[in-house]
Amino acid sequence: MTDTDGMTTAERMTTAERVTSIDDLPVRDELRGKSPYGAPQLDTPVQLNTNENPYPLPEPLVARIAERVAEAARGLNRYPDRDAVELRTELARYLTRTGKHPVATGNVWAANGSNEVIQQLLQTFGGPGRTAIGFEPSYSMHALIARGTGTGWISGPRNEDFTIDLAAAEQAIAEHTPDVVFITSPNNPTGTAVTAETVLALYEAAQAAKPSMVIVDEAYVEFSHRDSLLPLIEGRPNLVVSRTMSKAFGAAGLRLGYLAAHPAVVDAVQLVRLPYHLSAVTQATALAALEHTDILLGYVEQLKAERDRLVAELRAIGYEVTESDANFVQFGRFDDSHTAWQRILDRGVLVRDNGVPGWLRVTAGTPAENDAFLDAVRQLKKEQSA
Ligand SMILES: *Cc1c(COP(=O)(O)O)cnc(C)c1O
């Protein structure tokens, strides 16, 4: 059948409209049947599921961001500073001040969230024919970014208490000789910190067969009881520490992650980064935030105290809690963690079921949000022991 324009209906449909689902597209084999990353975002009164900072940015910082962004806006006809030198200098200053180790501009690289930093690292050091290992349960994005970059993924082991099983980890590294080793400290979703001794042992293991990169993901380190592992980059060009402004800085919406490493690593990631990847608006906003680290780190102290309170109260109620150095707490155990998750949600509190059998994860929120959560799990305990 033809219309007035002489085309059949099928002819007028674009190719995109005729395609009914992702399965009809010639996507790469390793992406077939997979789901995108994402925590369920439900509209509940209390949302303690994504490890965000519950405190909005302080007003003086908001005003300063507006000022710096306005300044940047006047130059938006031009591409941004491709190398983000001013921002990297301020990040280096922050790391030097808080990381107990001198860091220079040339040691730092920044991108749109530490996820992009990790993607650039895997594009540089992973890729087709290469592999990466992580010790699971851990941050699921490491495996997903590996897949996205065509890097093979090896799931390494952990102990019952979620610390890294060093002997088993060394054996897995010796067996698979991965090109990239991920160490998440504090680990997500368990909250477990990794000691410098363990990182050094894994670094040595990773260099035994061939030089391999070790990426220490310190997304939550500002919340830790321990010092940063940053000083370990000294004299170890294959060790990278990745950081983010999404958690401690309360700026998840900003999308700013960064790494500290030997300057050669910074040179290497520039081989894969898109030109002008970090917008002038992002750079201006991050620079404004870095002017206010004292206020932001003040919130971190409050959240650490709330995290410790959650641990203590959960234990008092009768739950098992994994030792936490992050802004969240893993608690259990449940015969059926999904049902427990639903019961807590029924009381208006959204926590995270990360698929670790028997365990759930709750992000430290404001004192009032944490009280609401504690009430919910107190009720749940009563129900379950009734
Ligand atoms: C939240 C998180 C990140 C942060 O990712 P961004 O892209 O910087 O928001 C990185 N690593 C781990 C382990 C995380 O939990």
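This is a short chat about the ligand site, the largest pocket and the largest cavity of a predicted model.

User: Let's start with the ligand. How many residues surround it, and which are closest?

Analyst: The model is predicted, to be clear. In it, 13 residues surround the ligand. The closest are Ser114, Tyr220, Thr244, Ser246 and Lys247.

User: What does the side chain of threonine 244 do there? How many Å from its N or O atom to a ligand oxygen?

Analyst: The distance is 2.5 Å, from an oxygen atom of the ligand to an N or O atom in the threonine 244 side chain.

User: And what about the side chain of arginine 255?

Analyst: An N or O atom in the arginine 255 side chain lies 2.7 Å from a ligand oxygen.

User: Which residue has a polar backbone atom 3.0 Å from a ligand oxygen?

Analyst: Asparagine 115.

User: How much of the ligand's accessible area does the protein cover?

Analyst: The cover is 94%. On its own, the ligand has 390 Å² of accessible area.

User: Which helix gives the most to the shell around the ligand?

Analyst: Helix α5, residues 113-125, with three residues.

User: How does the shell split by class?

Analyst: Three residues are nonpolar, seven are polar and three are charged.

User: Switching to pockets. Which pocket matches the space taken by the ligand?

Analyst: The largest pocket. There is about 470 Å³ of space in it.

User: How many residues line the largest pocket, and which lie nearest its centre?

Analyst: The lining has 23 residues. Nearest the centre are Tyr37, Thr50, Asn115, Tyr139 and Lys247.

User: Where does the largest share of that pocket lining come from?

Analyst: From α5. That helix supplies three residues to the lining of the largest pocket, and it also gives the most to the ligand shell.

User: What classes make up the lining of the largest pocket?

Analyst: Seven nonpolar, 10 polar and six charged residues.

User: Now cavities. How many of 30 Å³ or more?

Analyst: One. The largest cavity has a volume of about 40 Å³.

User: Which residues line the largest cavity?

Analyst: Pro189 and Gln330 are in the lining. So are Arg352, Asp353, Asn354 and Val356. Trp359, Leu360 and Arg361 complete the list.

User: Which strand gives the most to that lining?

Analyst: Strand β12, residues 359-363, with three residues.

User: And how do the cavity's lining residues divide by class?

Analyst: Four are nonpolar, two are polar and three are charged.

How values were computed. Residues are numbered from 1 along each chain as its sequence is written. This is a predicted model: local features need pLDDT of at least 70, side-chain atom pairs count only at pLDDT 80 or more; totals for chains, interfaces and linings use all residues. Side-chain values use heavy atoms; hydrogens and water are left out. A residue is near a molecule or strand if one of its heavy atoms lies within 4 Å of it. A polar contact is a pair of N or O atoms within 3.5 Å; within protein, one must be able to donate a hydrogen and the other to accept it, and residues adjacent in sequence count only if both atoms are side-chain atoms. Accessible areas come from the Shrake-Rupley method with a 1.4 Å probe; for residues, only the protein chains shown count as cover. On a 1 Å grid over the protein atoms alone, a cavity is a set of points where a 1.4 Å probe fits but cannot get out, and a pocket is an open set with protein on both sides within 12 Å along at least five of seven lines; lining residues have an atom within 4 Å of a point. A molecule sits in a cavity or pocket if more than half of its atoms lie within 2 Å of its grid points. Helices (H or I, at least four residues) and strands (E, at least two) are DSSP runs, numbered from the N terminus. Ala, Val, Leu, Ile, Met, Phe, Trp, Tyr, Cys and Pro count as nonpolar, Asp, Glu, Lys and Arg as charged, and the others, Gly among them, as polar. Grid points are joined across faces, edges and corners, and a volume is the space filled by probe spheres set on the points.
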